[in-house]
Amino acid sequence: MTTMTMAAALNAALADSLAADEDVLLIGEDIGTLGGVFRITDGLKDRFGASRVIDSPLAESGIVGTSVGMAYAGRRPVCEIQFDGFVFPAFDQIVAQVARLHYRTGGRVRMPLTIRIPFGGGIGAVEHHSESPEAYFAHTPGLRVVTVADPQDAYSTMRAAIACDDPVILLEPKRRYWGKGEVDTEVTTDLDSARVLRPGRDATLVAYGPLVVTALEAAVAAEDDGIDLEVIDLRSLAPLDRGAVAGSVRRTGRLIVAHEAPGTVSLSSEVVAGVVEDCFEHLEAAPERVTGYDVPYPPAALEEHHLPGIDRILDAVDRTLGRRSSREAA
Amino acid sequence: MSDFLLPDLGEGLTEATIVAWHVAVGDEVTRNQAIAEVETAKALVELPSPRAGRITALHAAEGETLDVGAPLIGFADAEADATTVDAPAEEPRLQRQQVLVGYGPVLPGSGRPRRRPRTFPTTPYERPAHAGEDGPTPRAMPPVRRRARDLGVDLRTVHGSGPGGRILRADVEARAQGGTCCAGTGTPGADAPDGSGRGSHTVPVTGLRKQTAQAMTDSAFTAPHASVHVTIDVTDTLELLRHGGRDRDRTSFLAAACRALVPAVGRTPAANARFDAEARQIEVFDEVRLGIAVATARGLLVATLPAEAAATGPALTAAIAGTAEKAREGSLSPAELTGSTLTVTNVGVFGVHGGTPILNPGQSTILAIGALRTQPWAHRGEVALRTVVTLTLSFDHRVLDGAEASAFLMDVAETLAEPASLLVR
Amino acid sequence: MSTTMSAGSTRSPRDRRHSPQGAPAPDHDLAGAVDQPLRVLDEDGRRRPDARLDAHLRDVDEALLAGVLRDMTVIRALDDEAVALQRQGELGLWPPLRGQEAAQIGLARALPETDFLFTSYRENGLAWCRGVRPEEMLSVWRGTTLSGWDPFAHRMATPQVIIGAQTLHAVGHAMATSTRGEDGLSVACFGDGAMSQGDVGEAMVFAASFRAPVLFFCQNNHYAISEPVGLQTTVPLAHRPAGFGIPSLRVDGNDVLAVLAATRLAAERIRSGAGPMFLEAVTYRVGPHTTSDDPTRYRDEAELETWRRRDPLLRLERHLELLGAPVEQLREQAQQEGREAAEALHAAVSEILAPAPESLFEHVLTEEHQGLRRQREQLAALEASLAPAGSAS
């Protein structure tokens, strides 16, 4: 058990995966000599060599497309897309090829790719460095889409994603890269299940990725009002662990979902639809969604208004409890 | 003195380590002069002075790690030499990321998370008393929840008669009011649905009423019903009941009638049985578990009396009253709604002399007790005014024939009219 | 700090130039390249003849030279000031252009202001030449806006963050203006890394097929963050356009006169209706990719020293000296202007106002739709319901 940042935990998971399986290789821009713009791959090229930690030309479609070919040749590529906003040149290879090859070939061709993408905002960055594109991928059958929330989860989930024979989009919350936590490298995890991080009685707060920390903070702040929140980290966005969410909402009767991505046609739309289908008779109040607005990611000076924070989340919680919120007239 | 805070030097960094100071306290520096070298997770960075001035404080030692937003270096203010102390913070200092002026969410670990106070008054959340029990919330559709809220009914106290225990609107209304389902509902004066031109209003059949209707239909069209009846003089029995037992606890007439059933079953076991159509056999129950029909606002239901209640007259009287109350409240448990082997229905409360009840499905007999009434009667060879009651027994003709049913009824009647006769039968 | 994250562990200088497996490391030195980059000023400042370029330098006199010296000096001063501002927490990020002054000034001063520029995020020298004001230049990096100026006011598109996307935009602009018989050419500015992006290849296909009046101006500054140009290509970048049917020139990007001449040559040809043209300006990114980068992790002092000797400002000063011009005076004048410009930049920071929260919702579409109005109202209601931060709870 060691205390480390999430960045260090991801680095350790990559190193351990490279050491454990000769077929694993990394490919991405600036990952080798530099060690990655966030240092996630720091030291790995020195340790495992340039043919297993590949600095790629500046071409995202090329990174993913060549990885498809490497998978045909029996390798297990781990692609890095440098920032969320840069994934779109690769979107065609991901959606038209990576997601479909297993289905297309009746299971003969496997795509055990892991595509790592730092995502989310809250770092004061310029355009295209704070995106949350998870819905595009969760909407694509044939892909697993997974997020992580803390260093331990990052280590174990990365190991599981690389070992998984399905293509995995692994979304890393970049604003949490420097947060620290305890990591036990013996701990293993699956890729499917949500986890209840904080049990509670009054309402179910569902979050993932960068907002898990925010959700837990909201739960602490809610105690001041006598409200006891249950916090669930979804972890897997595709497939969604509907059972975990439904089990919780059947008990609390109330659902709030929070994420950075714009709310329309988003993961929260899906979670709410699932809860309505699974728990309709148990709902004591309409589900609430606390999300980014339906705008392109705004300039950094405005991002704290755009991103869900403690106050906006608890305002929604108040509505589910029938307490006065910002939306009622005096 | 004014402090320069450690900025976020690389898009979301949270801390930096002072590697070397290039200035000392007291030094005069120019704007952009290199004052320190710091190391972040990404790079070694030289920091230029944000302004010209005199250094009054270095807030960290070489080798020390500072959080972004923490004071790094102090400058003398332009006006005075004397340092003015910063107003002491009243709360733990919130550390803000100084990426841009005015920007910065609170970093984790910099004080207990709190929500901002609201501009309207707030009170702590009062959790309903029953909430938080492990187990699911009551099941109800949103319009029913709304109705319950409007009527001030707590759903957790309502028994749900819908599928899977779902609470229906009728359940809520019955809990709240106790009116019959047909009073004042629907649209008066509307045309009858059959287009016959007769004015009517419609009442939806839901919930208990729907269940009862279904059960009645099943029973009536499955078991061949026949009935026998007898009217008996119970004047003396009533006198006996009025005086009460040794300890003066009253036994009701209904309880007495129920107790009269038990020895009769002993002589006609088929009265405490059911016809098993699938196996094409008669299943005779080992024990008598009495079911009592109760009329509630939601409709008719049969409540099973606890087995031990039949032990004494007063106990049974209390049990009948208690069960009936629970039935009307809608708080009978599932165990109390099933498991009876033969049923008694007290139609007398409605004033009628008798009736031909329909069997409770899964049983072979049902006894209807009419109203106690005073009538001229043959008593000791003369005409006298006596209190009489009519007992009607409906039975499943597949299980009992007329002779058996009659014998059963006569046993009950005789016990009820002349309790002492039990000793010699 | 976790030791695996320590920058210090990989700081020791080593030759880590990448090479594709087995092939010799591509030589970054200008001499010996297959296509020797064209130049008229060598490192010592001596003027060398080049028939093609000389034809476009007949107007060069001391005034012109003093002018471009001033230009390069000022944009360097602005660039240094912006880096300092980032280190002082006034900007979130800045991409320095140090070392590339001649490439940008040579291009800018060769073209009329009517030619439309589609650039990357590093062309702040071009922006200054086009009259972009200090606060306009900084505001994107301060995070108060996504676009610092009106593209039509300066005929310069918002600098593009997505690598290479602007090349397609330049081609489309050229296609549209030329079919309407409008004068002017469109310019796409991008780097060596961008040449690997699919968009750039497609841009060249379209440009060639439609004979679009577009100038592809590639500043090969030898690095795409940490990746040396040898990873993007095994032959000079200027060879690639020929495969698309686009003529190209390779020019010494640190020779301001060579860039000026090459751009004039290319512009004349494009304006004649001959179709697109490609210029590769071979230069060097002396600073980091951005203020978040640490180049000590991937390149060594020896290489940096080589390129410092090729500094474009130094070269021009040496040339002026050889011409007998009053170099000290000219340098001092230029640096004074540079200081003033830097001061103005520093002062501009306080001119940059934080945007109002409601502006979050503006201009998503040309007209606000109902759903977004509702969200705007909900945010306003939320803000109204919260007491100012710092109030007693």
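Select domain 1 of chain A together with domain 2 of chain A: in this predicted model, the two bury about 1,800 Å² between them, and carbon and sulfur atoms give 52% of that area. To colour them separately, use residues 2-183 for domain 1 and residues 195-329 for domain 2 of chain A. The contact draws on 27 residues from domain 1 of chain A and 23 residues from domain 2 of chain A, while the C-alpha centres of these two domains lie 27 Å apart.

Stay at this contact and turn to the charged side chains, since there are 4 salt bridges between domain 1 of chain A and domain 2 of chain A. Next, show A:Asp150 and A:Arg195, which form a salt bridge whose closest N and O atoms are 2.8 Å apart.

Now select chain A and chain C, which bury about 3,900 Å² between them, with 63% of it on carbon and sulfur atoms. Here 45 residues of chain A meet 47 residues of chain C, and the count between the two chains is 1 salt bridge. To see a salt bridge between these chains, display A:Asp42 and C:Arg297, where the closest N and O atoms are 2.5 Å apart.

Finally, move to chain B and select B:Phe350, which sits in the loop between β16 (342-345) and β17 (365-369) of that chain. B:Phe350 counts as exposed because its relative accessibility is 61%, and the cut-off for exposed is over 50%. Add B:Val349 and B:Val352 to the selection, and you have the nonpolar surface patch that they form with B:Phe350, with about 310 Å² of accessible area together.

Technical notes:
Residues numbered from 1 in each chain as written. Chains lettered and ligands numbered in written order. Predicted model: local features only at pLDDT ≥ 70, side-chain atom pairs only at ≥ 80, totals over all residues. Heavy atoms only, no water. Patch = residues over 30% accessible without salt bridge, like charges linked within 9 Å, V, L, I, M, F, W, Y side chains within 5 Å. Areas by Shrake-Rupley, 256 points an atom, 1.4 Å probe, with all protein chains shown as cover. Helix = DSSP H or I, 4+ residues; strand = E, 2+ residues; numbered from the N terminus. Buried < 20%, exposed > 50% of the residue type's maximum accessible area, 1.4 Å probe, protein only. Domains from an automatic or database assignment. Contact = heavy atoms within 4.5 Å. Buried area = accessible area lost by both parts, 1.4 Å probe.
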